Amino acid sequence: MALLNRNSHLGLALLSVFLLFSVTNSENDPLSMFDVLPKYGLPSGLLPSTVSNYSLADDGRFVVSFENPCYVQFDYLVYYYKQITGRLSYGSITDLKGIQVRRLFLWFDVDEIKVDLPPSGSIYFKVGIVNKKLDVDQFKTVHSCQDEVSGSCGGLLDQILKLPAPVGDVEMLITE
């Protein structure tokens, strides 16, 4: 009986040490930014794969650093500075600095990112006074970075060449 009691205590002690080690080990393994975003109701693919480190304060203010500035092609071409900042709260990122989106030849700062609560499948980007609604599915997976825009015009020539041919006669307007 004493041997059984001693083995029970040894088993309990080993279990306690194992549990203590696993709790301590999980505290030492910080979450990646790709794990943090879903905890705030946001898709993990909002950021490119080259996140080198980040900090997140108790008030939601964050700083994310990348290995290099880069481009990611979503519905629109997006440029990430080497460092971005903002404030993270459930379902939104506000006070955002360091992300731009290209529309034709111009680059615009992205100021806010929000999702519907409860989730609806849409995500909203505030660019200046304009809010653009996009499908959230394109942001669910983490994308790789491109170092530069492909081609000298960033594919604009390809877009122009794909325009449909005019139907019928087209009148020409001559101005001086």
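## A tour of the pocket, the cavity and a greasy patch

The largest pocket holds about 350 Å³ of space. Keep in mind as you click around that this is a predicted model.

**Stop 1: the pocket.** Select Tyr76, Val101, Phe125, Val127 and Lys132: of the 18 lining residues, these lie nearest the pocket's centre. Now colour strand 4 (77-89), strand 5 (92-103), strand 8 (122-127) and strand 9 (130-135), the elements that each give two or more residues to this lining. What is the chemical make-up of the lining residues of the largest pocket? You'll count 15 nonpolar and three charged, with no polar ones.

**Stop 2: the cavity.** Searching the whole structure turns up one cavity of 30 Å³ or more, and its volume is about 60 Å³. To see its walls, select Met33, Leu37, Leu46, Leu47, Phe62, Ile84, Ile93, Leu96, Ile99 and Ile113. Which element supplies the largest share of this cavity's lining? That's strand 5, with three residues. Helix 2 (33-39) joins strand 5 in supplying at least two residues each. By residue class, the cavity lining is ten nonpolar, no polar and no charged.

**Stop 3: the surface patch.** Next, show the surface and pick Leu104, Phe105, Leu106 and Phe108, which make a nonpolar patch of about 460 Å². Zoom in on Phe108, which sits in strand 6 (residues 106-109). Why can Phe108 count towards a patch? Its relative accessible area is 35%, so Phe108 is partly exposed and clears the patch cut-off of over 30%.

Terms used: Residues numbered from 1 in each chain as written. Predicted model: local features only at pLDDT ≥ 70, side-chain atom pairs only at ≥ 80, totals over all residues. Heavy atoms only, no water. 1 Å grid on protein atoms, 1.4 Å probe; cavity = no way out; pocket = protein on both sides within 12 Å on 5 of 7 lines; lining within 4 Å. Points joined across faces, edges and corners; volume = space filled by probe spheres on them. Helix = DSSP H or I, 4+ residues; strand = E, 2+ residues; numbered from the N terminus. Nonpolar A, V, L, I, M, F, W, Y, C, P; charged D, E, K, R; others polar. Patch = residues over 30% accessible without salt bridge, like charges linked within 9 Å, V, L, I, M, F, W, Y side chains within 5 Å. Areas by Shrake-Rupley, 256 points an atom, 1.4 Å probe, with all protein chains shown as cover. Salt bridge = Lys/Arg side-chain N within 4 Å of Asp/Glu carboxyl O. Buried < 20%, exposed > 50% of the residue type's maximum accessible area, 1.4 Å probe, protein only.
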